[in-house]
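Here are some exercises to work through with the model open beside you. Try each task before reading its solution.

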Amino acid sequence: MTSQLVHSLKWSALSEIASKILPPLFYIITARLLTPEDFGIVATSAMVVAFASIIWEAGLSKTLIQNQDNATLQNRSNIVFYTNIFLASTLYVLLIVFSDFIANFFHDYRVSDVLKVAGLSLIIGSFMSVQTALLQRDFGFKKLFYSRLIGAIIPGIVSVLMAYMGYGYWSLVLGAIASMAMQAMILWKISHWRATLTYDIALAKELFSFSKWVLLSALLSWFFIWGDLFVLGFYFTPHELGLYRTGNYFVGAVLGLITAPIVPVMYSYFSKIQHDIESVKTALLFSSKVVSFFVLPIGVGIFIAHDMISDLIFGEKWQGLGLVIGYLALMHSISWIIGLNNEAYKAVGRPDIESKILIATLIFYLIGYIMSAQISFEVFLITRMLLAVGAIGFHIYASRKVLNLGVSDIFFNIKLILFALFILLSINIAIHLSAMLIILYLVICICVYLAIIYIYDKTFINMIVNILRRRKVDN
């Protein structure tokens with residue numbers, strides 16, 4: 001790995017820590033002031049807005065990162081900028097027109113008004129998409145750090161204060177809008193790029209040819225990210241929806257401290273070495289191992305202590321949240337075994353792979369969601385976890401075709417990590433521990449886990465230490 005990559009990882013990590021630690025802290029404070037139902041209402045609107053956001057972005061920003069041709073950069077940036085603004089504005093109007101219909105579908109009239117306000121994020125987001133993509137393309141993660149730091153602090157304070165003053169779910173909606181507006185203003189201030197009055201139609205067609213697969217992949221990804229909430233919103237009340245959304249957010253925030261800094265940097269790095277498949281393969285294996293080294297034990301740890309975490313952090317009115325946190329922690333952590341594969345596919349010019357995998361697994365997820373939701377909330381959670389684990393097989397097949405990475409390569413790469421965690425999780429399942437003993441057990445687990453990895457894979461541990469010390473590591 002190059003020193004530029006390590007340096008970028010550091011600033012990307014700081015950027016994501018700013019945007020991943022501070023918002024969850026404010027989120028937790030707000031959760032203790034509000035109810036699961038409040039979060040359920042906002043989750044429904046967020047799901048719809050997220051779908052619209054995918055359409056206006058159209059996958060075009062990824063083309064700015066993937067294409068390393070500086071000669072056409074200004075023209076490509078203009079195309080992305082004007083296209084995104086047009087699509088975002090159009091979708092916001094449609095959102096207002098159909099807000100009542102959407103609210104009726106989810107059996108909650110309050111969703112209509114929330115959508116009309118939350119939809120403003122579509123337009124705000126379209127004004128900063130190019131700046132964000134260009135900074136990622138040029139490894140400008142230090143600048144992104146400052147925008148996300150300020151964009152995380154001020155809006156969080158707004159949400160907490162409004163929740164304390166009794167504004168209910170509106171505190172969450174307006175806090176999110178404030179966050180995006182603040183980040184947009186900062187990005188325009190620190191970015192040197194400005195749009196010019198040109199729009200190359202021929203070049204636009206070329207960009208759309210690449211972005212159509214990214215767009216399709218993003219639309220399908222929406223189903224896998226939000227499809228569970230869509231089904232829950234139809235079959236269950238805002239209370240269960242709020243529990244699920246909050247549990248998913250909490251787990252995502254914790255694991256995101258590790259994964260969020262790595263994903264944008266690795267996509268940029270894969271793109272720079274895209275013509276050397278062996279180098280991409282080597283970088284993917286190492287980065288996936290690093291992610292698994294941190295993420296898998298965190299997921300297992302959350303599963304072991306899920307009830308204690310729920311009671312200590314969220315309080316009594318969030319009963320049932322622990323179950324959600326436990327199952328989703330296992331699901332998300334296991335999924336990250338192949339979590340960086342999609343970035344490698346896109347970087348080597350195969351954005352269609354992710355879409356094809358999602359299409360292949362779509363019917364299984366849809367059937368699983370609908371059938372399990374009609375049984376019980378817990379059955380839905382278990383089914384959700386098993387579906388995500390089963391989907392890994394499709395990714396392994398694709399990686400074999402595109403990168404010559406088979407099942408033996410992927411699992412041999414992390415065999416010690418899986419072995420150590422299997423033993424620790426098996427012991428926990430066999431015995432029932434009190435809250436205090438769980439804390440002691442987790443401490444012991446961490447020590448045993450690190451000892452096993454260090455004894456049998458000392459080289460890998462040394463490489464982790466070198467990265468943390470910002471040394472140049474030759475992989």
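A residue counts as buried under 20% relative accessible area, as exposed over 50%, and as partly exposed in between (1.4 Å probe, protein chains only). This is a predicted model, in which local features need pLDDT of at least 70, side-chain atom pairs count only at pLDDT 80 or more, and totals for chains, interfaces and linings use all residues. Residues are numbered from 1 along each chain as its sequence is written, and side-chain values use heavy atoms, with hydrogens and water left out.

**Exercise 1. Two loop residues**

Task: Decide whether His107 is buried or exposed, and do likewise for Pro351.

Solution:
- Step 1. Locate His107 in the loop between helix H5 (99-105) and H6. Helices here are DSSP runs (H or I, at least four residues; strands are E, at least two), numbered from the N terminus.
- Step 2. His107 has a relative accessibility of 59%, so it counts as exposed. Its phi is positive, about 60°, although His107 is not a glycine.
- Step 3. Turn to Pro351, in the loop between helix H16 (341-347) and helix H17 (352-373). With 5% relative accessibility, Pro351 counts as buried.
- Step 4. Look for a distant partner in sequence: Leu216 is 135 residues away along the chain, yet the two C-alpha atoms are separated by 9.3 Å.

**Exercise 2. Around helix H20**

Task: Find which residues Asp409 contacts beyond its neighbours within four places in sequence.

Solution:
- Step 1. Place Asp409 in helix H20 (residues 407-413). Its relative accessibility is 28%, so Asp409 is partly exposed.
- Step 2. Search for contacts, meaning heavy atoms within 4.5 Å. Outside those sequence neighbours, Asp409 touches Leu285, Arg400 and Asn404.
- Step 3. Follow Asn404, which sits in the loop between helix H19 (392-403) and H20. Asn404 is partly exposed at 41% relative accessible area, and it has a positive phi of about 60° without being a glycine.

**Exercise 3. A buried serine and an enclosed helix**

Task: Say how many residues of helix H8 (residues 129-137) are buried, and describe the setting of Ser112.

Solution:
- Step 1. Start with Ser112, in helix H6 (residues 110-118). At 4% relative accessibility, Ser112 counts as buried.
- Step 2. Beyond its neighbours within four places in sequence, Ser112 is in contact with Ser99, Asp100 and Ala103.
- Step 3. Move to H8, where 9 of the 9 residues are buried, so the helix is largely enclosed by the rest of the structure. Among them are Gln131, Gln136 and Arg137.
- Step 4. Bring in helix H4 (residues 73-97): the axes of H4 and H8 come within 9 Å and cross at roughly 145°. Axes are lines fitted to C-alpha atoms, for helices over the stretch in contact, and angles run from 0 to 180 degrees between N-to-C directions.
- Step 5. On the H4 side the meeting residues include Arg76, Val80 and Phe81, while Ser129, Val130, Leu134 and Arg137 come from H8. By class, this contact has 5 nonpolar, 3 polar and 2 charged residues. Ala, Val, Leu, Ile, Met, Phe, Trp, Tyr, Cys and Pro count as nonpolar, Asp, Glu, Lys and Arg as charged, and the others, Gly among them, as polar.

**Exercise 4. Helix H15 and two partners**

Task: Work out how H15 is oriented relative to H13 and H18.

Solution:
- Step 1. The axes of helix H13 (residues 277-304) and helix H15 (residues 321-335) come within 8 Å and cross at roughly 165°. That angle makes H13 roughly antiparallel to H15. Angles under 35 degrees count as roughly parallel, over 145 as roughly antiparallel, 65 to 115 as roughly perpendicular and the rest as oblique.
- Step 2. List the contact: Val295, Leu296, Gly299, Val300, Ile302 and Phe303 of H13 face residues of H15 including Tyr327, Leu330 and Ile334. The contact of H13 with H15 holds 10 nonpolar, 3 polar and no charged residues.
- Step 3. For H15 and helix H18 (residues 377-390), the axes come within 8 Å and cross at roughly 10°, which means H15 is roughly parallel to H18.
- Step 4. Here H15 contributes residues including Tyr327, Leu330 and Ile334, and H18 contributes Phe377, Leu381 and Met385, among others. The contact of H15 with H18 divides into 13 nonpolar, 1 polar and 2 charged residues.
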